[in-house]
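Work through these short exercises with the structure open. Try each task before reading its solution.

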Amino acid sequence: AVVSTQSTGPWIGSEAQLLEFMDWLNSIHPSLKFTVKYSRDGVEFLDLFVYTGTDNKLNTRLYSKGSDTHSYLTPNSCHKLHMIENIPFNTARRVYQNNSELVNYESDKVTFTRYLLERGYDSKFVNDAFERAESLDRKTLYQVNEQKSTGKLFLPLVTETNPALPDMTKIINKHKHILSLDPTLEKVIPADSLFVSHRSAKTISDLLISSKRPHPSAVIEPVAEQINSTDPEPVNLPSEN
């Protein structure tokens, strides 16, 4: 059986022993409760379905929830080109990485190619992305890349993404040498530390709908008007004939 708690792994005992272990685990502290999902076929873990093969080894295949609509960013979206280009490749790499058996990979390759084509991506561009993913060593995709600090200063120049703007990176790289003309300024802001970073511009939905609830002190409760008993009686005016 395969057990899924905060991690996934095989259980070498019987089902009765597993349930007995869970009873003991939940009796350790009254405020701590553990749940377990187990199956002889396999269990879902994040975007993986972990199962045991015929050789009793753990295998994985890509898993998506039924509510996943696969609504990838469309190619005509107002985003930087490199973001659009990375979506097919990252999708292909995820399909290639998560399927340990070739038959599952080939099936998901057809499925996710259709998802990308339905979002408007060019078929040749998608096929090239899968070929690029297949050229990678699958084992290296699970290695953790340790990033060592170089001590280098990075200063981002943040601007909103807008296709009407000129190429800000090209402009900055063309003129940032001016900083090196002043030795004192160059020590504070090295020319090589500058780079352009883009953030998403606000959409119409962001402008019209606030995601923050107002503070309770900002909510004005309606005040009911009370009529005192000392108020004069209303005067009934004669109706016009």
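**Exercise 1.** At what angle do the axes of H2 and helix H3 cross? Classify their relative direction.

Solution. This is a predicted model.
- Step 1: Find helix H3 at residues 102–118. Helix H2 spans 81–98.
- Step 2: Compare the axes. They come within 10 Å and cross at roughly 160°.
- Step 3: Apply the cut-off. Angles over 145 degrees count as roughly antiparallel, so H2 is roughly antiparallel to H3.
- Step 4: Add the handedness. The crossing of H2 and H3 is right-handed.

**Exercise 2.** Which residues in H2 meet which residues in H3? Sort the contact residues by character.

Solution.
- Step 1: List the H2 side: Ile-87, Pro-88, Thr-91, Arg-94, Val-95 and Tyr-96.
- Step 2: List the H3 side: Tyr-105, Asp-108, Lys-109, Phe-112 and Leu-116.
- Step 3: Sort them. The contact of H2 with H3 has seven nonpolar residues, one polar and three charged.

**Exercise 3.** Leu-46 has a positive phi although it is not a glycine. Where does Leu-46 lie, and is Leu-46 buried or exposed?

Solution.
- Step 1: Read the backbone. Phi of Leu-46 is about 55°.
- Step 2: Place the residue. Leu-46 sits in the loop between strand S4 (43–45) and strand S5 (48–52).
- Step 3: Check accessibility. Leu-46 has a relative accessible area of 69%, so this residue is exposed.

**Exercise 4.** Repeat the analysis for His-70: is His-70 buried or exposed?

Solution.
- Step 1: His-70 is not a glycine, yet its phi is positive, about 55°.
- Step 2: His-70 belongs to the loop between strand S6 (58–62) and helix H2 (81–98).
- Step 3: The relative accessible area of His-70 is 9%, so His-70 is buried.

Technical notes:
Residues numbered from 1 in each chain as written. Predicted model: local features only at pLDDT ≥ 70, side-chain atom pairs only at ≥ 80, totals over all residues. Heavy atoms only, no water. Helix = DSSP H or I, 4+ residues; strand = E, 2+ residues; numbered from the N terminus. Buried < 20%, exposed > 50% of the residue type's maximum accessible area, 1.4 Å probe, protein only. Axes fitted to C-alpha atoms, helices over the stretch in contact; angles between N-to-C directions. Parallel < 35°, antiparallel > 145°, perpendicular 65-115°, else oblique. Left-handed = near helix turned anticlockwise from the far one by under 90°. Contact = heavy atoms within 4.5 Å. Nonpolar A, V, L, I, M, F, W, Y, C, P; charged D, E, K, R; others polar.
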